[in-house]
Amino acid sequence: MAKLGKRTRSAREAFAGNANLSVEAAVALVKANATSKFDETIEIALNLGVDTRHADQMVRGVVGLPNGTGKSMRVAVFARGAKADEATAAGADIVGAEDLMEAIQGGTIDFDRCIATPDMMPIVGRLGKILGPRNLMPNPKVGTVTMDVKAAVEAAKGGEVQFKAEKGGVVHAGVGKASFDEAKLAENVSAFISAVAIARPAGAKGAYMKKIVLSSTMGPGVTLDVDGAVSE
């Protein structure tokens, strides 16, 4: 068995015996043990009682974290004319139409969020097999197919997080950085949990939120008290 490093041993000892914590206690524990040389991302994972193979049990949505994510978001926009100018003025990193489609088809995907005006969807639709698996496909349900590109770009740049239940009903996202103070991280965590709770699909039966785990990029995870976290 490989020998554990001092940092790993220390973290495991700190987390031993801790489970079903409040949001505030979980944040404090995870933040205190995020001691890597880089600014670790604080991550949340929710195990939901849904079967994503059924359309009426799909969980998908978007939430604006009150204190941002701490991550620099690169935004691409499919638009022409005045809307393209609007996107550029709002801070979009990449703006285009057919040229952007060709770049993506050629393997160049240097953005984290993709937005499109409705008239661009015939072009964007050709990229479904490329953007879909990367969760980058523009979708009106999360506000990324819109004529208000200014608001969409500003929201993406300002800390908006998209979420989608993956196989097994797991929703995962980054909700801040270890350098954030505890109060701001707790606000972000509560906002994310609330958004997922509101997104409960009509087809979900029984317990919806089964387990919530908070962790840092390099640290162990700790479970939250689900009932308490949802009610906050």
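## Helices H2 and H8

Helices H2 and H8 are oblique to each other. In this predicted model, H2 covers residues 23-32, and H8 covers residues 182-198. The two pack at an angle of about 125°, and their axes lie 9 Å apart. Since the category may not be obvious from the angle alone, it helps to recall that 65 to 115 degrees counts as roughly perpendicular and over 145 as roughly antiparallel. As for handedness, the crossing of H2 and H8 is right-handed.

Which residues make the contact between H2 and H8? From H2 come Val23, Glu24, Val27, Ala28 and Lys31, and they meet Glu182, Leu185, Ala186, Val189 and Ser190 of H8. Sorted by class, this contact of H2 with H8 has six nonpolar residues, one polar residue and three charged ones.

## Ala191 on helix H8

Let us stay with H8 a little longer. Ala191 is part of this helix, and Ala191 touches Val63 and Pro66, leaving aside residues up to four places away in sequence.

How far is Ala191 from Lys150 in space? The C-alpha to C-alpha distance is 23 Å, with the two positions 41 residues apart in sequence numbering. Lys150 itself belongs to the next helix pair, where Lys150 is one of the H7 residues in contact with H3.

## Helices H3 and H7

Here is a second helix pair. The axes of H3 (residues 81-90) and H7 (residues 149-157) come within 8 Å and cross at roughly 25°. An angle under 35 degrees counts as roughly parallel, and H3 and H7 are therefore roughly parallel to each other. This crossing of H3 and H7 is right-handed.

On the H3 side, the contact is made by Lys83, Glu86, Ala87 and Ala90; on the H7 side, by Val149, Lys150, Val153 and Glu154. By class, the contact of H3 with H7 has four nonpolar and four charged residues, with no polar ones.

## The largest pocket

Now for the open spaces. The largest pocket has a volume of about 570 Å³. Three strands each give two or more residues to its lining: E1 (41-48), E6 (160-164) and E7 (170-177). Which of the elements gives the most to this lining? That is E7, with eight residues.

In total, 25 residues line the largest pocket, and those that lie nearest its centre are Lys71, Val161, Gln162, Ala173 and Gly174. The lining of this pocket is made up of nine nonpolar, seven polar and nine charged residues.

## The enclosed cavity

How many cavities of 30 Å³ or more does the structure hold? There is one. The largest cavity contains about 30 Å³ of space.

The lining of the largest cavity consists of Asp112, Arg113, Cys114, Asn135, Leu136, Met137, Thr144 and Gln162. These residues divide into three nonpolar, three polar and two charged. Gln162 is worth a second look: Gln162 lines the largest cavity, and Gln162 is also among the residues nearest the centre of the largest pocket.

How values were computed:
Residues are numbered from 1 along each chain as its sequence is written. This is a predicted model: local features need pLDDT of at least 70, side-chain atom pairs count only at pLDDT 80 or more; totals for chains, interfaces and linings use all residues. Side-chain values use heavy atoms; hydrogens and water are left out. On a 1 Å grid over the protein atoms alone, a cavity is a set of points where a 1.4 Å probe fits but cannot get out, and a pocket is an open set with protein on both sides within 12 Å along at least five of seven lines; lining residues have an atom within 4 Å of a point. Grid points are joined across faces, edges and corners, and a volume is the space filled by probe spheres set on the points. Helices (H or I, at least four residues) and strands (E, at least two) are DSSP runs, numbered from the N terminus. Ala, Val, Leu, Ile, Met, Phe, Trp, Tyr, Cys and Pro count as nonpolar, Asp, Glu, Lys and Arg as charged, and the others, Gly among them, as polar. Axes are lines fitted to C-alpha atoms, for helices over the stretch in contact, and angles run from 0 to 180 degrees between N-to-C directions. A crossing is left-handed if the near helix is turned anticlockwise from the far one by less than a right angle, and right-handed if clockwise. Contact means heavy atoms within 4.5 Å.
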